[in-house]
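This report describes the fold of one protein chain and the surroundings of its ligand. The strands are treated before the helices, and the ligand shell comes last.

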Amino acid sequence: MSALLSIDDLVVEYAGRTTVRAVDGIGLTIEPGEVLALVGESGCGKSSTARAVVGMEKPASGTVDYRGETVPPLGLRRRPQRFTAIQMVFQDPNSSLNPRKRVDAQIADGIAAARLRGAAGSTPQEWLEAVGLDAAMASRFPHQFSGGQRQRIAIARALAARPDLIVADEPISALDASSQAAVAGLMRQLCLDAGAGMLFISHDLSVVRVIADRTAVMYRGRIVESGRSETIWADPVHPYTRALLSAIPHPDGLGRMPAAPAAEAPAEWSASIREALDRV
Ligand SMILES: Nc1ncnc2c1ncn2[C@@H]1O[C@H](COP(=O)(O)OP(=O)(O)OP(=O)(O)O)[C@@H](O)[C@H]1O
Ligand SMILES: [Mg+2]
């Protein structure tokens, strides 16, 4: 059986005066129900990888397969419906939301995509509640929400399409610090509930440590280390991974990942999210 997502020897390049090789021959797999984190410094190629996975960037070479089939370009006319089961959440919710369209109508677009694949739908109100927002606000426009609420709406819209693969590129970086862990935990929980897989890109290793089953560390276009998250954090092999970890402030000065913040979880976390976070 083929993996949910299988990337093999992927190369992504940008043409210009000199060609930039942003992704230099990487391999990754994601299985259903699995969260894989991709971490690394700015410019190492994380977003280029994410865009290649959803079909926004054409690989210079190598393959990106979703359930054993090459992912077709995103803008392709007659792109088969089944690929709407791949959904992306961006760092800036404004790039996923239409400012001139009511929130319920935008979530309804996701529901319609799911219906076309024969996936059962819910209502926009139910999706808003699933991401912790008040269903009574469904008829408002994006600008009537805070940045954190807008990102929750973008997540609701993506989830309403009933994805089985979610590609999230720094989905919590633009949120205020107080809601980052809650939104990341929510994404993991909703992913688990749906049996979906997720590629979660973040530079916040303390969040990655809590929500990712496996972690891949990227450095200058290559994956330098990957494996079970707890193994990587407990015993990093590559010097670059060690450097990344040592950049995280920690009271004992060992440069190790801080423990999961279960004890001080925000009040808005539901019991199921706390439970999920306790398990990892
Ligand atoms: N559209 C583009 N045209 C030319 N070069 C690009 C383009 N997009 C990215 N690059 C270059 O490719 C390399 C990888 O960029 P990418 O955005 O994938 O990195 P990243 O890991 O997502 O960084 P960040 O953490 O800052 O988001 C960088 O050198 C970047 O300057
Ligand atoms: Mg990026």
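## Basis and overall composition

Two strands are taken to pair if DSSP finds at least two bridges between them. Helices and strands are themselves DSSP runs, of at least four residues for a helix and at least two for a strand, and they are numbered from the N terminus. The model is predicted.

The chain contains 10 helices and 10 strands. Of its 280 residues, 44% are buried. When contacts between residues at least 6 apart in sequence are considered, 66% of them join residues at least 24 apart.

## The antiparallel sheet

Strand E1 (residues 5–14) and strand E2 (residues 20–30) make up a hairpin, with 5 residues between the two strands. Their pairing is antiparallel and extends over 8 bridges. Within this ladder, isoleucine 7 has leucine 28 of E2 as its bridge partner, and leucine 10 is matched with isoleucine 26, also in E2.

The hairpin belongs to an open sheet of 4 strands with antiparallel pairing, in the order E2-E1-E4-E5. At its edges stand E2 and strand E5 (69–70), each of which pairs on one side only. Helix H1 packs on this sheet and touches E1, E2 and strand E4 (61–66). The direction of H1 makes about 60° with that of E2.

## The mixed sheet

A further open sheet has 6 strands in the order E6-E7-E8-E3-E9-E10, and its pairing is mixed. Strand E6 (86–89) and strand E10 (222–228) each have a single partner strand, so one side of each is left without a neighbour in the sheet. From one strand to the next, the twist averages 15°.

At the E6 edge, E6 and strand E7 (residues 165–169) run parallel and are joined by 4 bridges. Methionine 88 has valine 167 of E7 as its bridge partner.

Helix H1 (residues 46–54) also lies across strands of this sheet, namely strand E3 (35–39), E6, E7, strand E8 (197–201) and strand E9 (214–219). Relative to E7, H1 runs at about 150°. Thus H1 has contacts with strands of the mixed sheet as well as with those of the antiparallel sheet.

## Helix H6

Helix H6 (residues 177–194) comprises 18 residues. The distance from its first C-alpha to its last is 27 Å, close to the 26 Å expected at 1.5 Å a residue. H6 is mostly covered, with 13 of its 18 residues buried. Just after the helix, glycine 195 adopts a positive phi of about 65°.

## The shell around ligand 1

Which residues surround ligand 1? The shell consists of Tyr14, Gly16, Val20, Ala22, Gly40, Ser42, Gly43, Cys44, Gly45, Lys46, Ser47 and Ser48. By class, these comprise 4 nonpolar, 7 polar and 1 charged residues.

In terms of secondary structure, E2 and H1 each contribute at least two residues to the shell. H1 provides the largest share, with 3 residues. The helix that packs on the antiparallel sheet and lies across strands of the mixed sheet is therefore, by the DSSP assignment of its run, also the element with the largest share of the ligand 1 shell.

Conventions
Residues numbered from 1 in each chain as written. Chains lettered and ligands numbered in written order. Predicted model: local features only at pLDDT ≥ 70, side-chain atom pairs only at ≥ 80, totals over all residues. Axes fitted to C-alpha atoms, helices over the stretch in contact; angles between N-to-C directions. Contact = placed C-beta atoms within 7 Å. Expected span 1.5 Å × (residues − 1). Buried ≥ 20, exposed ≤ 12 C-beta atoms within 10 Å, placed from the backbone. Near = placed C-beta within 6 Å. Nonpolar A, V, L, I, M, F, W, Y, C, P; charged D, E, K, R; others polar.
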